[in-house]
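Visitor: Please show me the model, and let us ask of each structural term what justifies its use.

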Amino acid sequence: MFLEPHFKGQRSGWIEVICGSMFSGKTEELIRRLKRAKIANQKVEIFKPAVDQRYDKTNVVSHDMNTILSTPVSHSSKITELAEGFSVVGIDEAQFFDQGLVDVCQELALKGTRIIIAGLDMDYLGKPFGPMPDLLAVAEYITKVHAICSHCGNLATHSYRLTAVADQVMLGAKQEYEPRCRTCYQMGNILHFNPIKLREGTDDVYPDLFS
Ligand SMILES: [Zn+2]
């Protein structure tokens, strides 16, 4: 996985982005990198959007309950002041932040901070999510992680929403979303496949998709 660059002369900052679908291990990878920095006695701070309080108000929590302490912030502008004095800054669920996060990260990187961002690259409609496309454009290093498609076992790049809610921001875990590859995601959208029906015992519709 990601290896930090070797420093020669003056240390400069940079931006790393870890992106992918839901259940792809983005937060686990973020935590892994941050823990390594902590072990090296680097000053580490982690921020997450205040909107995301699925599991815990102060921990960055991945789905497998691997945790690390974090600070919830309501707006990206708060990060600039709160990040003062830290050499490594992690940002989780970056897709939920405002667009100002891009400039905030660029400024911090210019000041010598290493920024590690984790976030969904696409929303449930398959569209670029929040500030993520811009962050990907300005980052020095990008890691795209993948989940496994719930239906065919190929690598999954899309987050398929299992419920009929139209909001872009719907926080969720296993009940509301599942990871799908491009083909299974598209098949689901075309047929308006509704897994609620699957639970009701009409799952015989599904094998036809792949025969
Ligand atoms: Zn698939």
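The exchange below takes the sheet and then its helices.

Guide: Please bear in mind that this is a predicted model.

Visitor: What is the strand order of the open sheet?

Guide: Its six strands run β5-β2-β6-β7-β1-β8, and their pairing is parallel. From one strand to the next the twist averages 20°.

Visitor: Why are β5 and β8 called edge strands?

Guide: β5 (71-73) and β8 (141-144) each pair on one side only.

Visitor: What makes β1 and β8 a pair?

Guide: Pairing requires at least two bridges. Strand β1 (residues 14-20) and β8 have four bridges, in the parallel sense, so the criterion of at least two is met. One residue of the pairing is E16, whose bridge partner in β8 is Y141.

Visitor: Which strands do helices α1 and α3 lie across?

Guide: Helix α1 (residues 26-39) lies across β1, β2 (44-49), β6 (88-91), β7 (114-120) and β8. Helix α3 (residues 101-110) lies across β1, β6 and β7. With respect to β7, α1 runs at about 165° and α3 at about 155°.

Visitor: How do you know that the span of α1 is close to the expected one?

Guide: The expected span is 1.5 Å times one less than the number of residues. For the 14 residues of α1 the expectation is 20 Å, and the distance from first C-alpha to last is 20 Å. After α1 comes N41, with a positive phi near 65°.

Visitor: Which residues of α1 are called buried, and what is the criterion?

Guide: A buried residue has 20 or more other C-beta atoms within 10 Å of its own. In α1, K26, T27, E29, L30, I31, R33 and L34 are buried.

How values were computed:
Residues numbered from 1 in each chain as written. Predicted model: local features only at pLDDT ≥ 70, side-chain atom pairs only at ≥ 80, totals over all residues. Helix = DSSP H or I, 4+ residues; strand = E, 2+ residues; numbered from the N terminus. Axes fitted to C-alpha atoms, helices over the stretch in contact; angles between N-to-C directions. Contact = placed C-beta atoms within 7 Å. Buried ≥ 20, exposed ≤ 12 C-beta atoms within 10 Å, placed from the backbone.
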